Amino acid sequence: MKIPLGQIVALGLGAALAVAIAMPFIRHAPAGLRLDPVQVESGRQVYGQYCASCHGSHLEGQANWERPGADGYFPAPPHDASGHTWQHSDAQLHELTAHSVYAYAAPGYRSRMPAFAGTLSDRQIDDVIAYIKSTWPASLQAYQRVLNPAGIDFKDLPPGWKFPPTCRFHGS
Ligand code: HEC
């Protein structure tokens, strides 16, 4: 039996389309903005003990955090909506907390941000990141979620959510 070329091409295209349609559902499997309350509570305690002294007990950061001080060091930035913590993926936030800012800084850069790898477990670092995220409005949680490899399933976002005005993500 001879199968016409057009039919083979159509079958191939059909299969490619089916995979393309299924992909987002596979990639975005654990969707939504739900955070584990037990993890958030553990992170709240870690934050109070290890982060609040510099980043503020209300995550407000230190004054004039956008400019280096007279000593040449940047002050601690806020972790709330006014800062830029929400513009980093989970993996970047983990790296920044575990090993300070050096992976992202120019050679020779000096920072007051401590490396917590020897002090906190990976689990505690993930907990504190979950706590920080839990304080953000849904719009920031949504933006930050897009930066992670697992992405986000937009249909799981709360009704009426919007990206923040400063958001640089223009996808849909
Ligand atoms: C001794 C003060 C100090 C403590 C304690 C501290 N930080 Fe920082 N942190 C800083 C400073 C200063 C910066 C800015 C670093 C720079 O740009 O040089 C910073 C930057 C960061 C950043 C990257 C910037 C951002 O907001 O996106 C993250 C993430 C961060 N800190 C998380 C934490 C976490 C989580 C804790 C607690 C486990 C913590 N820090 C404790 C001083 C501190």
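**Notes on a predicted helical model**

1. Glycine 56 counts as partly exposed, because it has 17 C-beta neighbours inside 10 Å. A buried residue would need 20 or more, and an exposed one 12 or fewer. The structure is a predicted model, and the points below should be read with that in mind.

2. Glycine 56 sits in the loop that runs between helix 3 and helix 4. Leaving aside residues up to four places away in sequence, glycine 56 touches Gly61 and Pro78. Histidine 79 is 23 residues from glycine 56 in sequence, and the two C-alpha atoms are 8.7 Å apart in space.

3. On the overall fold: the protein chain has six helices and zero strands. Following the sequence, the pattern reads α-α-α-α-α-α. The protein chain contains 172 residues, of which 17% count as buried. Among contacts with a separation of 6 or more, 54% are between residues 24 or more positions apart.

4. On the ligand: the shell around the ligand consists of 24 residues, and the closest are Cys51, Cys54, Ala76, Ser111 and Met113. By type, the shell holds 14 nonpolar residues, nine polar ones and one charged one. Helix 3, residues 52-55, and helix 4, residues 90-99, each contribute at least two residues to this shell.

5. Helix 4 also packs against helix 5, which covers residues 122-134; the angle is about 120° and the axes are 10 Å apart. That angle makes helix 4 oblique to helix 5, because it falls outside the range of 65 to 115 degrees for roughly perpendicular and is not over 145, the limit for roughly antiparallel. The two helices, 4 and 5, cross in a right-handed sense.

6. Which residues of helix 4 and helix 5 meet? From helix 4 they are Asp90, Leu93, His94, Thr97 and Ala98, and from helix 5 they are Ile125, Asp126, Val128 and Ile129. The residues of this contact comprise five nonpolar, two polar and two charged.

7. Proline 37 belongs to helix 2, which spans residues 37-50. Is proline 37 buried or exposed? It counts as exposed, because only 10 C-beta neighbours lie inside 10 Å, and the cut-off for exposed is 12 or fewer. Proline 37 and alanine 130 are 93 residues apart along the chain, while their C-alpha atoms are separated by 9.1 Å.

Key: Residues are numbered from 1 along each chain as its sequence is written. This is a predicted model: local features need pLDDT of at least 70, side-chain atom pairs count only at pLDDT 80 or more; totals for chains, interfaces and linings use all residues. A residue is near a molecule or strand if its C-beta atom, placed from the backbone, lies within 6 Å of it. Ala, Val, Leu, Ile, Met, Phe, Trp, Tyr, Cys and Pro count as nonpolar, Asp, Glu, Lys and Arg as charged, and the others, Gly among them, as polar. Axes are lines fitted to C-alpha atoms, for helices over the stretch in contact, and angles run from 0 to 180 degrees between N-to-C directions. Angles under 35 degrees count as roughly parallel, over 145 as roughly antiparallel, 65 to 115 as roughly perpendicular and the rest as oblique. A crossing is left-handed if the near helix is turned anticlockwise from the far one by less than a right angle, and right-handed if clockwise. Two residues are in contact if their C-beta atoms, placed from the backbone, lie within 7 Å.
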